[in-house]
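Reader: Before we discuss the terms used for this fold, could you put the sequence and the structure in front of us?

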Amino acid sequence: MTSAVEICNLALSELHAASISSLDEASKESRACKRWYDRTRKAVLASSEWSFAGAFSVLAELTNDRDGEWGYKYQVPNSIIKIRHLSALGALEDDLAIPYQILGEAIYADHEGLAAVYTADIEDPTKFHEPFVNALASSLQARLALPVTGDRSLRQDALLDAQRLLAQAITFDQGQSLQATFSPSDYLTARD
């Protein structure tokens with residue numbers, strides 16, 4: 001079973017550094033992992049539209065405080081990394097890009113009744129597929145190289161490896177689905 005500590009230890013082993021048992025240990029390896037794991041996980045999640053992190057949410061409408069600029073204001077879904085696209089509820093076609101702006105915890109748009117397809121902030125490493133785990137560990141290795149070893153050339157090598165493994169993980173992930181577009185109208189039709 002994959003865990004945050006296991007992913008940290010994959011990164012540390014590539015640096016020939018001591019492994020850790022917990023993110024709360026007093027070692028420099030543990031402190032560096034605690035500092036960089038979550039940030040790196042979120043950055044790798046934001047780098048692609050990962051199949052395991054896709055989510056859908058009907059947006060809750062809020063009181064619009066920017067009349068004249070936008071027609072509607074919505075609440076940003078919880079645990080979001082990035083929005084993939086917005087769709088009008090009940091729309092027959094999902095082809096039109098709906099312009100929007102995110103400010104803080106609000107989404108502004110000119111359409112009433114919207115849903116968001118987004119990348120969720122998946123924290124549970126057991127949800128990650130193996131190529132993502134490898135890309136995350138390699139990206140974490142690049143982040144840990146300087147604080148753990150102080151070796152700039154090791155960091156540069158780790159960055160190149162992280163780019164390669166991230167590209168492989170994205171290619172793998174894109175092969176996991178049929179590339180069919182998900183439409184909220186399909187969701188609502190199936191629900192009826």
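**Strand pairing and helix packing**

Author: In this predicted model, Ile102 has Ile107 of β6 as its bridge partner.

Reader: How do you know that β5 and β6 pair?

Author: Two strands count as paired if there are at least two bridges between them, and β5 is joined to strand β6 (residues 106-109) by four bridges, the two running antiparallel.

Reader: What makes β2 and β5 edge strands?

Author: The open sheet has four strands in the order β2-β3-β6-β5, with antiparallel pairing. Here β2 (61-62) and β5 (100-103) each have a single partner strand, so one side of each is left without a neighbour in the sheet.

Reader: Which strands form the edges of the sheet ordered β1-β7-β4?

Author: That open sheet has three strands with antiparallel pairing, and its edges are β1 (54-58) and β4 (80-88), each of which pairs on one side only. Between β1 and strand β7 (residues 114-120) there are five antiparallel bridges, and Val58 lies opposite Ala115 in β7. Against this sheet packs α2, which touches β4 and β7 and whose direction makes about 30 degrees with that of β4.

Reader: Why is α2 called oblique to α3?

Author: Helix α2 (residues 28-46) and helix α3 (residues 130-149) pack at about 135 degrees, their axes being 9 Å apart. Angles over 145 degrees count as roughly antiparallel and those from 65 to 115 as roughly perpendicular, so α2 is oblique to α3. The crossing of α2 past α3 is right-handed, and the contact of α2 with α3 comprises twelve nonpolar, two polar and four charged residues.

Technical notes: Residues are numbered from 1 along each chain as its sequence is written. This is a predicted model: local features need pLDDT of at least 70, side-chain atom pairs count only at pLDDT 80 or more; totals for chains, interfaces and linings use all residues. Side-chain values use heavy atoms; hydrogens and water are left out. Axes are lines fitted to C-alpha atoms, for helices over the stretch in contact, and angles run from 0 to 180 degrees between N-to-C directions. Angles under 35 degrees count as roughly parallel, over 145 as roughly antiparallel, 65 to 115 as roughly perpendicular and the rest as oblique. A crossing is left-handed if the near helix is turned anticlockwise from the far one by less than a right angle, and right-handed if clockwise. Ala, Val, Leu, Ile, Met, Phe, Trp, Tyr, Cys and Pro count as nonpolar, Asp, Glu, Lys and Arg as charged, and the others, Gly among them, as polar. Contact means heavy atoms within 4.5 Å.
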